[in-house]
Amino acid sequence: ETAGAVLSYGGLPITAYYFSTSCGATGTEEIWWEGNASLTPYLQAKTVNAEGEAVDLSSEEAFEEFLEEEDEGCFDADVSWYRWEAQADLDTLTENVNAALKNRYAANPEAVLTKEGDAFVSREIESVGRIQGIEVLERDAGGAAVRLQIRGSEHTVQVMTEYNVRALLNLQGCTVQRGDGTTVAGSSLLPSACVLITPVFDEDGELAAWHFEGGGYGHGVGLSQNGADCMAEQGMSCEEILQFYYPGAELTALTDL
């Protein structure tokens with residue numbers, strides 16, 4: 001039924017990003033190193049509900065409040081990945097971070113920086129040592145962590161882009177509990193960069209683990225596949241769904257471009 005039709009903006013086909021499940025909001029393409037929101041105004045930070053309101057979840061306080069206030073009207077609210085949590089013991093997370101560090105540096109050397117004196121520079125290291133601190137330094141408007149600092153016993157690194165954050169803070173060897181109570185094994189990527197990360201201390205006050213509380217599955221930019229499915233079940237047309245996730249874009253005959 002849609003043969004020959006494409007979404008366009010300003011006379012050009014759009015970059016139609018999509019992902020699995022939202023945390024209740026979408027973000028912009030600035031979650032990636034090369035992202036430029038001014039070039040893709042149809043990719044917006046907005047709530048994934050009937051209102052579709054603009055959001056700014058870039059502060060820790062705003063994102064934490066948003067994550068805690070689950071929205072029953074969210075089109076993804078009944079999907080298992082809408083909310084999830086996990087806990088990684090210190091040894092496991094340290095091993096995961098150090099194992100991923102070299103690969104992420106090889107792929108994006110400009111986005112994995114190591115502290116030298118008062119500056120952060122791009123250079124390859126073997127390990128951060130034992131993790132001592134994790135801090136989200138920056139989020140995009142949709143709540144995804146896009147700049148992360150990990151302090152280890154040997155080095156402190158800063159990692160940029162949501163993908164690199166998810167790759168370093170992977171949950172291999174851990175169990176993830178989803179919002180519907182089901183559990184799955186952690187994988188080589190954190191389910192989403194829309195996550196709160198908090199330390200867990202033992203009875204002696206020593207750092208023992210890190211707790212992850214997040215929402216959504218995937219990068220969170222563009223169309224939520226599970227959200228779109230719910231919208232279709234509610235009777236919305238493909239035009240209405242596409243207009244919601246890509247506001248301002250138009251269905252255009254390919255021959256007209």
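In this predicted model, helix H1 (residues 60-68) has three residues in the buried class, Phe63, Phe66 and Leu67. Viewed along the axis of H1, these buried residues fall within an arc of 95°, so they line one face of the helix. Their packing partners are strand S7 (131-139), strand S12 (195-201) and strand S13 (207-214).

Helix H4 spans residues 225-233, and its buried residues include Gly227, Ala228, Cys230 and Met231. The buried residues of H4 fall within an arc of 160° when seen down the helix axis, so they too line one face. They pack against strand S14 (223-224) and helix H5 (238-245). Just after H4 comes Gly235, which takes a positive phi of about 100°.

The two helices are set out below.

| Helix | Residues | Buried residues | Arc of buried residues |
|---|---|---|---|
| H1 | 60-68 | Phe63, Phe66, Leu67 | within 95° |
| H4 | 225-233 | Gly227, Ala228, Cys230, Met231 | within 160° |

A further site lies in strand S8 (residues 145-152), which contains Gln149. The side chain of Gln149 is joined to the side chain of Gln158 by a polar contact of 2.8 Å. Leaving aside residues up to four places away in sequence, Gln149 touches Phe120, Gly133, Ile134, Glu135, Leu137, Thr156, Val157 and Gln158. Gln158 is thus named both as the partner in the polar contact and among the residues that Gln149 touches. Strand S7 (131-139), against which the buried residues of H1 pack, covers the numbering of Gly133, Ile134, Glu135 and Leu137, which are among the contacts of Gln149.

Methods: Residues are numbered from 1 along each chain as its sequence is written. This is a predicted model: local features need pLDDT of at least 70, side-chain atom pairs count only at pLDDT 80 or more; totals for chains, interfaces and linings use all residues. Side-chain values use heavy atoms; hydrogens and water are left out. Buried means under 20% relative accessible area, exposed over 50%, partly exposed in between (1.4 Å probe, protein chains only). Helices (H or I, at least four residues) and strands (E, at least two) are DSSP runs, numbered from the N terminus. The arc is that of the directions from the helix axis to the C-beta atoms. Contact means heavy atoms within 4.5 Å. A polar contact is a pair of N or O atoms within 3.5 Å; within protein, one must be able to donate a hydrogen and the other to accept it, and residues adjacent in sequence count only if both atoms are side-chain atoms.
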